[in-house]
Amino acid sequence: MRNYSTAIYTTAEIRGIEQLVATLPNPPALMEKAGLAAAEEARDRLLIHGRIRVLVLAGPGNNGGDAFAAARHLQGWWFKVTLVFTGERSTLSSDARHMLDAWVASGGKIYTEIPENEKWDAVIDGLFGIGLDRHEGRELEGGYLALVNAVNRMNLPVLAIDIPSGLGSDSGLVRGAAIRAVVTVTFIGLKPGLVTHQGPEYCGEICLHDLDLNTLSLKEPGSWMIDQILAQKLLPPPRLASSHKGTYGSIGIIGGSPGMMGAALLAGAAALKLGAGRVYLGLIAGNALGVDTAQPELMLRPVHEMFKLDQLSCLVVGPGLGMQADACFWLSSALESTLPLVLDADALNLIATHSRIATLLRERKGPSILTPHPAEAARLLNTDTPTIQNDRMAAAANLAKSFNCRTVLKGSGSICAVSGGKRYINTSGNPGLSSAGTGDVLSGIIGALLAQGLSSDNALLLAVYLHGAAADMLLKQQGGPVGMTASEIPHAARYLLNQWIHDS
């Protein structure tokens, strides 16, 4: 992704900006600017090395107007353009109708179906953009579904205008089928669906064109990206020569029920490697280890001793916690403390199961961070996983509001909801994180940053990005995501954190 703002705008916010711009004296010709930008990107990225034949799909809304403008510019540059229009001139907006008329006036021809027995070098998708919901409801069907599938079967490079047709602009959910683009040229601001859920699988490289608008001055967004630029603003300071282990805090981790001690050990190792001064593990299993020979720096204790330690900076509760009565007791004890808390795994399932524990969470005075995957989020919000995934942005916000906490809804394009109602979508990470224990590692990283004095908001945002960036580094080193393990993540994350602090 290149040359983009870190602000993210929902469809409603984009529509609001467009309406505001339309009321300005001498409003800019946004559709003409968008069409020109799309044509330039297609010319410079897809129509190269002698490729001159392009199929342009123009839909029934303003996205179709952008496509008409792009087709006209490409034809003016002597490319061979075939344009398929799926709507009716009479139902177009005045701007889109003007673009259609300009295409015809330039000598352009309009087809209503993809011509048979012709070949192209590239495709421009201007079917729906962010207007899909308004025109086709929740799912593509009929002729539009067949059209999208036909384009995908062509196996040609596709440039999508604003967002690939069939992809939810706010949700990143594929509505029956979606265009698979190699480049998506999006306008005014980034949309959530480009960067969360299924969006990254369909958008290819994302190029933002603000159409010469000062978007931030027109509307303050409620959502932002987490990228390396932001992450490097959140770093802990360089370490002083006079520092000692007490300078960097102490973290307590509660979990490790029988058969699940590995989860607590992973979280502990991550906390240690990401800079916590001391790491205590309160293990629930009666026959728990006294020492971890692979990581002897971890201090393993019976769980009841954790609440006798007065030097703790924060608690992580959940890795390998289990669902038994003793797990409920120790989670409740943690919730009754005023320490910053990171809650993961079975801690989340216990909160979803026991209303009394949920009430303790909502009423606690200290800061809390929840780290659910979609199924855990569904249990917490008393719904199902598809409902969560259908609107991940809303789900993250609802979790934060419902439980008086910060939260990260994990998955492709993890969404963090922090104080003040702001949401952040993470840009790092890859499918290598789809393995057991990576969530425990994330919890340990968050705890380590809390122990070093970062605020709950900053610790969450930095940890989520760093966790994904570590996986991205391993992806490059290992040639792919297959077989990436949770225990590898802290080593890569430690390297990156040191590098970023040194370079900042």
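Is cysteine 207 buried or exposed? Select this residue in the model, which is a predicted one, and you will find that cysteine 207 counts as buried, because its relative accessibility is 1%.

Keep cysteine 207 on screen and add cysteine 203, whose sulfur is the closest cysteine sulfur to that of cysteine 207; the two lie 11 Å apart, which is too far for a bond, since a disulfide requires the sulfur atoms to be within 2.5 Å. Next, move to cysteine 328, which is also in no disulfide, its nearest cysteine sulfur being that of cysteine 405, at 19 Å. Cysteine 328 is buried as well, with a relative accessible area of 12%. A search of the whole structure finds 0 disulfides.

Now turn to the sheet, and colour its strands in the order β1-β9-β18-β17-β16-β15-β14-β13-β10-β11-β12, which traces an open sheet of 11 strands with mixed pairing. At its edges select β1 (7–8) and β12 (299–302), each of which has a single partner strand, so that one side of each is left without a neighbour in the sheet.

Within the sheet, select residues 368–370, which form strand β15, together with residues 406–409, which form strand β16; these two strands pair in the parallel sense over 2 bridges. To see one residue pair there, show isoleucine 369, whose bridge partner in β16 is arginine 406.

Finally, select helix α19 (residues 456–478), which packs on the sheet and touches β9 (223–226), β15, β16, β17 (415–417) and β18 (423–426). If you view the helix alongside β16, the direction of α19 makes about 15 degrees with that of the strand.

Methods:
Residues numbered from 1 in each chain as written. Predicted model: local features only at pLDDT ≥ 70, side-chain atom pairs only at ≥ 80, totals over all residues. Heavy atoms only, no water. Pairing = 2+ DSSP bridges. Helix = DSSP H or I, 4+ residues; strand = E, 2+ residues; numbered from the N terminus. Contact = heavy atoms within 4.5 Å. Axes fitted to C-alpha atoms, helices over the stretch in contact; angles between N-to-C directions. Buried < 20%, exposed > 50% of the residue type's maximum accessible area, 1.4 Å probe, protein only.
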